[in-house]
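Biologist: Could you take me through the ligand site of this protein at close range? I would also like to see how the parts around it fit into the rest of the chain.

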Amino acid sequence: MDMFIINRYLAVDSSGDHGTKEKENLQKLLQKIEERRKRKKATVHSLQNKIHPFCDISVTAQGENENEDIIKKKKKKKDRMSDENDVDSSDHKELKIVDTGEIACNNEMTEHLNFRESYQSENEIKQLNEVDKEEKLPENEFMVLGSDSFTKKQKVKRVLPSWLANPSVVSVNLKELHTTINDIDGLDEDIVAKLKENNITHLFPVQAQVIPWLLSSANKPSMYWRSDICVSAPTGSGKTLAFVLPIVQILRKRVVPCIRALVILPVQDLATQVYKVFKTYCSVTNLKVALITGQKSFVMEQQQLIKINSTFGPQSLVDIVVTTPGRLVDHLKSTPNFSLKHVRFLVIDEADRVMECIQNDWLYHVNKNIYGSEDQPLPPPLTPAALATVRPPPQKLLFSATLSQDPEKLQMLGLFQPKLFTSVVSQEKVPEPLAGEVRGEFIGKYTTPAELKEKYCVVTPETKPLVLYYLITSRRWKQVLCFVDSQGAAHRLSLLLTHLSQGSLHCAEMSSVLRRQERGEVIRNFVDGHIDILISTDALARGTDMPNVKYVVSYDFPKYVKNYIHRIGRTGRAGKSGKAITFVLENQVCTFQDMLKTAGKHSVRELVVSEDTLLPFEEHYKSALVQLKQDMEGEKNSLLQKNEREES
Ligand SMILES: Nc1ncnc2c1ncn2[C@@H]1O[C@H](COP(=O)(O)OP(=O)(O)OP(=O)(O)O)[C@@H](O)[C@H]1O
């Protein structure tokens, strides 16, 4: 037991023996202190003799007070730090009391030395005081959040799943193409011939990466679950062919038709556009494609999908269905034998937009039809027996120029071991990620085609139409696509420009109010160059592929950054050059700059149109406005008369 000695404070021992010992110790200590005091006094005296004749080191009254303060601080600090109850520390305390006593006796030199000593440690004291402030709050006080500390908070970095953080990077350069259509292993000759027929000799970067990847994933035995993919590449970069070609190639070997590919797009017009591409490349195969968007009657669509055979029962007539979420749900609910159980590919084009179509719960109905429950089953263990019992889910292919890379939003799709292909904002070659490196900078940044030049023009509401007219006429712009907020705005602007140009500008308007055939007609005329300026609502903003759009004007400010990216993406497509101008009111400039920042854009310049340049058109503009007012009143009256006739 003697090996361990535990020293404890056992309160004051009143036994006489211990008391004498303590007195002796105290005596020794006082003696020691006295000796030190004398030594110090002697040193000071000798120093005073040496320095005083050369230096003026007098301490002013104010200085004295300051020094005293500092010494007090120092004392406080030392007190705080010495939490040991040993003899040495008490010795220091005594010593300090003696020092202060000397200052009180106006010993200038001692003051000075103390001052210097204190000054040296002043910073230290300050720091300690700050720490004190932060850490030691009186017990009965609350800390008021945000009142004291103005230090910049460190930004919280998102920790992304590995597949989102480390994507395959897709180049945005459509000028330097390295992959010819013959370089792709696994594309049949007749498909390659069809590509040539359509003047496609090289694959765009997104196609060069996605097509071989999908073809090779199909080589796995059919029982294996295949990884889903998400593709985010600029507008006009050829995403449609990136899924059409591998699907046609993989499915063409099927024996019996049944729905093996389901392609979902947000709106009718886009579905029609994709349907046409499928039709083109399926024409060299036996595959059948159906467009189910409500353009035909429901019964006609049903007849197109299913046939009842007297011997074999219900038979699917199609292999690929291109549809919109609403119409798909209608068929899932009301078409007997409409089954998605054999779907091998589930393509969601303009995926971020389709995922917003939640009103009819299309995903729930699709899952229910495919799996028999609203949720996708979990993958079985990798044993032949387990794999043979569970049917692999459809391989999901998600495409968009503004694909949401938000893990939470993507989670509802139940992606299986997904792979991300994305283009990046930086034009520099992105190196392969280092082991364990996490890249989150792709998230939320949208790329636009390299050939697209963007500018913005600050306008006033009064002069906006005149600025547009001036730009079109003075710069001889042709094939201009102009975006406005509403159908009414499109109509008014179209009339005003016609009056301003006295009929020399051929303007047309486009909105969802027009019937489908009328819309088709307008687009054909615009593509053929018979229309100079097409004024449209956002109905044409997303996905529409119109070759030869040279200028896009966002006449009314785009509401969201995605809206902006899709609008400007109607030009500068497939490697062609294009220009986009956004009209911004004075009070919208900051919002616009923020929008660009969000999209990762930093070099959008201003196009200045001075008021002086507009002055010559002023009178002309006034009379055009009068004519517009008359037109609008005339239209209003004729509408009233029509309504009255219908009522009577
Ligand atoms: N390899 C290619 N060579 C030449 N032209 C191509 C090639 N691939 C696609 N195109 C053409 O590029 C245009 C744009 O293609 P697509 O509509 O697929 O773009 P996208 O990426 O889907 O655009 P958005 O995001 O706006 O929908 C189309 O007219 C298409 O015919």
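Modeller: Gladly; here is the ligand site, followed by some other parts of the protein.

A word on the source: this is a predicted model, in which local features need pLDDT of at least 70 and side-chain atom pairs count only at pLDDT 80 or more, while totals for chains, interfaces and linings use all residues. Residues are numbered from 1 along each chain as its sequence is written, and side-chain values use heavy atoms, with hydrogens and water left out.

Let us start with the shell. The ligand is surrounded by 19 residues (each with a heavy atom within 4 Å of it), and the closest are H202, K239, T240, D545 and R573. Sorted by class, 8 of the shell residues are polar, 6 nonpolar and 5 charged. Here Ala, Val, Leu, Ile, Met, Phe, Trp, Tyr, Cys and Pro are taken as nonpolar, Asp, Glu, Lys and Arg as charged, and the others, Gly among them, as polar. Helix α9 (residues 239-251) gives the largest share of the shell, 3 residues. Helices here are DSSP runs of H or I with at least four residues, strands are runs of E with at least two, and both are numbered from the N terminus. Domain 2 (163-220 + 230-430) and domain 3 (452-641) each supply at least three residues to the shell; these bounds come from an automatic or database domain assignment.

Now for the individual atoms. A nitrogen atom of the ligand lies 2.8 Å from a backbone N or O atom of H202. At G236, a backbone N or O atom lies 2.8 Å from an oxygen atom of the ligand, and a polar side-chain atom of E350 lies 3.3 Å from an oxygen atom of the ligand. On its own the ligand has 640 Å² of accessible area, and the protein covers 83% of that; such areas come from the Shrake-Rupley method with a 1.4 Å probe, and for residues only the protein chains shown count as cover.

Next, helix α12 (residues 325-334). Its buried residues are P325, R327, L328, V329, H331 and L332, where buried means under 20% relative accessible area, exposed over 50%, and partly exposed in between (1.4 Å probe, protein chains only). They pack against three strands, β3 (261-264), β4 (289-292) and β7 (320-323), and against the helices α11 (298-305), α13 (351-354) and α14 (362-371).

R327 also leads us to G294, in the loop between β4 and α11. Not counting residues up to four places away in sequence, G294 touches R327, Q268 and E301, a contact being heavy atoms within 4.5 Å. G294 is partly exposed, with a relative accessible area of 31%.

Q268 turns up again beside R519, a residue of helix α19 (residues 516-527). Leaving aside neighbours within four places in sequence, R519 is in contact with Q268, D269, M510, S511, S512 and L514. R519 counts as buried because its relative accessible area is 12%. A polar atom of its side chain lies 3.0 Å from the backbone oxygen of L514.

As for the whole protein, there are 23 helices and 17 strands, and 44% of the 648 residues count as buried. Of the contacts with a separation of 6 or more, 80% involve residues 24 or more positions apart.

Terms used. A polar contact is a pair of N or O atoms within 3.5 Å; within protein, one must be able to donate a hydrogen and the other to accept it, and residues adjacent in sequence count only if both atoms are side-chain atoms.
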